[in-house]
Each structure stands twice: as C-alpha cells, then as structure tokens.
Amino acid sequence: MPRPRSKENKGLPTRWRQRSGAYYYQVPRGLEAMWDGKTEFRLGSSLPEAYRVWAERLGKMEETRTVAELLDRYSLQVVPTKQPTTRAQNQVAIKRLRNVLGAAPITAIRPQLIYQYVERREAKVAARREIEILSHAFTKAVEWGILDRHPFKGEVRLSGEKARTRYIANWEIEECMTLEPRRKKGSVLALQAYIRIKLMTGMARSDLLRLQPDRDFDDVGIHIQRHKTEGSSGKRTIYEWTDKLRAAVADAIRARPVRTSPWLFCTLEGDGYIDEETGRAGGFDSMWRGFMDRVLSETKVKERFTEHDLRAKVSSDAESIEHARALLSHTTTQTTQRSYRRKAEKVKPLD
C-alpha cells in the first residue's frame with residue numbers, strides 16, 4: 001500500500017508535493033520528456049501558478065473514474081478560463097473537496113452525500129461554494145461524455161446565506177463628502193470623486209479601476225466592456241456624459257498622485273490598482289478601509305458600508321428595474337432584483 005500523504009499534501013492533485021515554499025510534480029516514469037526531462041518538476045511558488053503551469057504542460061487526461069480525477073480535469077480545462085480571483089477561490093475549494101471526496105468513485109455520489117458534506121462543515125458558506133464547484137464539475141462530466149446524467153442536480157436544496165441589506169442613505173454620502181483631505185492629492189479626494197462617479201454610473205469596482213481616459217473616453221461618454229463577463233456575454237455599456245459626470249471625472253484626474261498616469265485612479269507610483277495576475281486590488285482596498293475609518297470617527301455616519309454597497313444604492317435609487325439593470329450593466333434583471341435592489345417596496349393599500 002502507498003504511504004499516507006503528509007498533512008501539507010492532502011487535497012493536492014495526485015503526485016503533487018509541497019515543500020520549501022513551492023509546489024512540485026512527481027513525473028510518472030516514461031513521461032519525463034513532457035516535463036523538460038525531469039523526474040520532479042517545479043510548478044510554482046503559489047497554488048494558482050502551479051495549476052496554470054500544470055494545465056499548460058499536461059496534454060491529456062487519463063480515464064476519469066474518481067472524484068479526484070474529475071476535479072483534476074476540471075482544474076485543467078475549466079478553472080483556467082475563469083477570472084483570476086475566481087480561479088484562486090476555485091483552487092482552494094477543489095483542494096478541500098479532493099481531501100474529503102477525492103477517493104470516491106464518481107458513480108457513488110448521491111444527494112445524501114452532499115447534505116452530509118455540508119452538515120459536517122463548520123464553515124457553511126464555504127461548504128456551499130465548494131458544492132457549487134463540485135456540481136459544475138459534474139455538469140462538465142456530462143458534457144464530456146463521462147456520465148449520462150448529473151448525480152444530484154435539482155435534487156439538493158441547500159439553505160442560502162442571508163442577503164446583504166445595507167442601504168446607504170443620501171445624508172451618509174453627504175457626510176463622506178465633508179471629510180477634509182490632509183493632502184492636495186491622493187486618497188480622500190480620489191475616493192470622494194470615485195464615490196460620485198460610482199453613484200452616477202453604478203460601474204463595478206473592477207471596471208471603474210481599469211478606466212483609462214485616453215482609451216475609454218470619447219465625446220459620447222465612458223465606454224466599458226464588463227471585465228467580469230468579457231469571456232461570456234461580452235456586455236458593453238456607454239455611460240453618456242452629463243455635466244456632473246464630467247465634473248466628477250475632472251476631480252478624479254486632479255486627485256491623481258501621478259499626473260501622467262494613464263489610469264483614472266492610480267497608485268502613488270502611477271500604476272493601476274488591479275493586479276491582473278490575481279484580480280485583486282489590495283492598495284485600493286486598504287485605502288477604502290482607511291477612508292471608512294475616518295468617516296466613522298469624524299462624521300455622523302455610524303455604520304460602516306462597503307464599496308460594493310454603493311453599487312446596490314445605484315440599483316435601489318434607479319427609477320425602474322430596467323434602468324437599474326442598464327446602469328449595472330447586467331444582461332438580465334434577475335440578478336439586479338435579487339442582489340441589488342435594497343429599498344423597501346412601496347405598495348398602495350386597497351380602498
């Protein structure tokens with residue numbers, strides 16, 4: 001019998017090892033030519049990098065029999081097509097799924113097993129996300145001809161997490177605008193301009209932080225292609241200029257710490273905030289937290305709100321659900337209604 005896997009290697013794909021701050025692949029005998037002639041190949045120092053290199057190197061998958069093998073194929077063929085942040089989240093979830101269910105034959109998965117998986121996890125939200133990924137992997141298994149039917153689609157009903165209901169009142173926005181900047185350029189002035197643009201357009205953070213005036217602005221307005229759906233719906237939106245929108249953009253440009261930066265919002269070095277490798281914007285998130293700390297301590301606002309809550313305010317304040325959908329650049333109104341309309345519905349009583 002093979003030796004049990006060490007703790008740090010549990011949940012990793014077969015023949016993977018983690019040591020000295022990096023991930024390695026133990027190359028099967030006879031396949032060394034595919035891996036630069038090496039018997040042990042260094043995949044990378046991070047899990048996302050390791051999966052990417054592995055996907056590029058591995059030419060084809062062997063017959064899929066177990067959940068681990070299905071997840072390996074899903075990691076190779078599906079995960080790399082997703083956005084960087086989603087890829088990283090998927091890879092963490094897949095490691096957990098493999099650790100628990102990896103040895104199970106794919107034909108042994110039943111609805112009862114899914115319920116047990118979630119019930120035994122303390123982190124229920126994370127468990128539900130993991131099951132969503134497992135479900136999609138089985139959907140792909142049907143598409144790939146591995147299975148005739150999905151083993152639990154439509155047969156499992158997991159209770160969802162509580163929807164966020166925070167609605168930002170107009171007076172709270174006004175309070176944010178009274179915050180006095182400590183510098184002539186930088187965080188406070190930039191975020192005040194950011195909030196104003198956000199509340200007029202409803203643009204997602206990932207799209208707003210990627211704006212480049214020379215590329216995305218013309219006489220008609222601000223042009224975006226939603227980064228989140230670029231590979232699927234390809235949704236494009238033009239936000240037409242108004243006097244207020246032009247003024248807010250001008251304020252954002254004046255607030256840039258580096259005047260020659262191509263980005264509408266930039267770091268102290270003039271770079272964009274989005275790390276395209278990971279999809280994260282750590283510098284912007286840190287700036288937002290500092291801004292909110294000052295808002296809570298120096299204004300009448302007492303309840304913290306997130307940058308994403310601004311997007312929900314735009315949707316909630318729009319005259320109609322269709323107008324809200326267009327502002328948020330959604331393809332349908334279902335997502336807009338479910339997650340972004342947070343005002344109470346007004347109803348006239350019957351006489």
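Buried means under 20% relative accessible area, exposed over 50%, and partly exposed in between (1.4 Å probe, protein chains only). The structure is a predicted model, in which local features need pLDDT of at least 70 and side-chain atom pairs count only at pLDDT 80 or more, while totals for chains, interfaces and linings use all residues. Residues are numbered from 1 along each chain as its sequence is written, and side-chain values use heavy atoms, with hydrogens and water left out.

**Exercise 1. Positive phi**

Task: For S20 and S329, state the loop and decide whether the residue is buried or exposed.

Solution.
- Step 1: S20 is not a glycine, yet its phi is positive, about 50°. Phi of S329, also a residue other than glycine, is near 60°.
- Step 2: S20 is in the loop between β1 and β2 (22-26). S329 is in the loop between α13 (321-328) and α14. Such helices (H or I, at least four residues) and strands (E, at least two) are DSSP runs, numbered from the N terminus.
- Step 3: S20 has a relative accessible area of 73%, so S20 is exposed. S329 has 3%, so S329 is buried.

**Exercise 2. Salt bridges**

Task: State how many salt bridges the structure holds, then describe the pairs E40 and R19, E172 and R166, and K198 and E307.

Solution.
- Step 1: A salt bridge is a side-chain nitrogen of Lys or Arg within 4 Å of a carboxyl oxygen of Asp or Glu. The structure holds 25 of them.
- Step 2: One of these joins the side chains of E40 and R19, at 2.6 Å from N to O. This pair links distant parts of the chain, 21 residues apart: E40 belongs to strand β3 (residues 40-44) and R19 to strand β1 (residues 16-19). E40 has 26% relative accessibility and so counts as partly exposed; R19, with 37%, is partly exposed.
- Step 3: The side chains of E172 and R166 form a salt bridge at 2.8 Å, N to O. Both E172 and R166 are buried.
- Step 4: K198 and E307 meet through their side chains at 2.4 Å, N to O. The two are 109 residues apart and link distant parts of the chain, with K198 in helix α7 (residues 187-201) and E307 in helix α12 (residues 307-317). Both K198 and E307 are buried.
- Step 5: R96, R121 and E130 form one network through salt bridges that share partners.

**Exercise 3. A helix pair**

Task: Find the angle at which helix α2 and helix α5 pack, and name the residues that make the contact.

Solution.
- Step 1: Axes are lines fitted to C-alpha atoms, for helices over the stretch in contact, and angles run from 0 to 180 degrees between N-to-C directions. Helix α2 (residues 67-77) and helix α5 (residues 124-143) pack at about 85°, and their axes are 10 Å apart.
- Step 2: The angle makes α2 roughly perpendicular to α5, a class that covers 65 to 115 degrees, where under 35 is roughly parallel, over 145 roughly antiparallel and the rest oblique.
- Step 3: Contact means heavy atoms within 4.5 Å. On α2 the contact is made by V67, L70, L71 and Y74, and on α5 by I133, L134, H136, A137, F138, K140 and A141.

**Exercise 4. Domains**

Task: List the domains and state how far apart the centres of domain 2 and domain 3 are.

Solution.
- Step 1: Domain bounds come from an automatic or database domain assignment. The protein is divided into domain 1 (13-63), domain 2 (67-144) and domain 3 (170-340).
- Step 2: Taken over C-alpha atoms, the centres of domain 2 and domain 3 are separated by 34 Å.
- Step 3: Across this pair, 4 residues of domain 2 are in contact with 7 residues of domain 3.
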